[in-house]
Amino acid sequence: QVQLVESGGGLVQAGGSLRLSCGASTHTASIYAMGWFRQAPGKEREFVASIRGSNAITNYADSVKGRFTISRDSAQNTLYLQMTNLKPEDTAVYYCAAKRTGFTWNDGYWGQGTQVTVSS
């Protein structure tokens, strides 16, 4: 069982930056892929970014490429999402997730979410 706790959300003006953090209850680097998802009001949850546990290869949604950076501190069991040049359409609840290789994200572990609000 892996427990994930997000932090770092808040209210920011368009063009600003935020860094989200996700603390994991166990060592995850070599076992799990980790990722960030978001869900805006009235919309489906969508993928934002992920990082593989084995080789740290990253993947991003087209909507955030060049603005968001996912990273992990394996020693601290912490996942980060650095968000820059934020836009009002980035407003959502952001969720941290972890999964084992070969499993889907839906079969993985999820945090409780942190709210990000970008004002225009």
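How much area does the protein expose, and what share of it do carbon and sulfur atoms supply? I began my notes with this, keeping in mind that the model is predicted. I found that about 6,300 Å² is exposed, and that carbon and sulfur atoms supply 46% of that area.

Next I looked up the secondary structure, and I noted 11 strands and zero helices. Following the sequence from its start, I wrote the pattern down as β-β-β-β-β-β-β-β-β-β-β. I then checked the radius of gyration, which is 13 Å and close to the 14 Å that the globule rule gives for 120 residues, so I recorded the protein as being as compact as a globular protein of that length. For the outer dimensions, I took the box that the C-alpha atoms fill along the principal axes, which is roughly 40 × 25 × 25 Å.

I turned to the interior, where I noted that 46% of the 120 residues are buried. The largest nonpolar core holds 29 residues, and within it Trp36, Leu81, Met83 and Tyr94 have the most contacts. I listed the elements that give two or more residues to this core, among them strand E4 (32–39), strand E8 (78–83) and strand E9 (92–100).

I also asked how contacts spread along the sequence: of those between residues at least 6 apart, 56% join residues at least 24 apart.

My last entry concerns charge, for which I counted 11 positive and 8 negative charges in the protein and noted that their mean positions lie 5 Å apart.

Technical notes. Residues are numbered from 1 along each chain as its sequence is written. This is a predicted model: local features need pLDDT of at least 70, side-chain atom pairs count only at pLDDT 80 or more; totals for chains, interfaces and linings use all residues. Side-chain values use heavy atoms; hydrogens and water are left out. Helices (H or I, at least four residues) and strands (E, at least two) are DSSP runs, numbered from the N terminus. The radius of gyration is taken over C-alpha atoms; the globule rule is 2.2 Å times the number of residues to the power 0.38. Buried means under 20% relative accessible area, exposed over 50%, partly exposed in between (1.4 Å probe, protein chains only). Contact means heavy atoms within 4.5 Å. Accessible areas come from the Shrake-Rupley method with a 1.4 Å probe; for residues, only the protein chains shown count as cover. Lys and Arg count as positive and Asp and Glu as negative; His and the chain ends are not counted. The place of a charge is taken as NZ of Lys, CZ of Arg, CG of Asp or CD of Glu. A nonpolar core is a set of buried Ala, Val, Leu, Ile, Met, Phe, Trp, Tyr and Cys residues joined through side-chain atoms within 4.5 Å.
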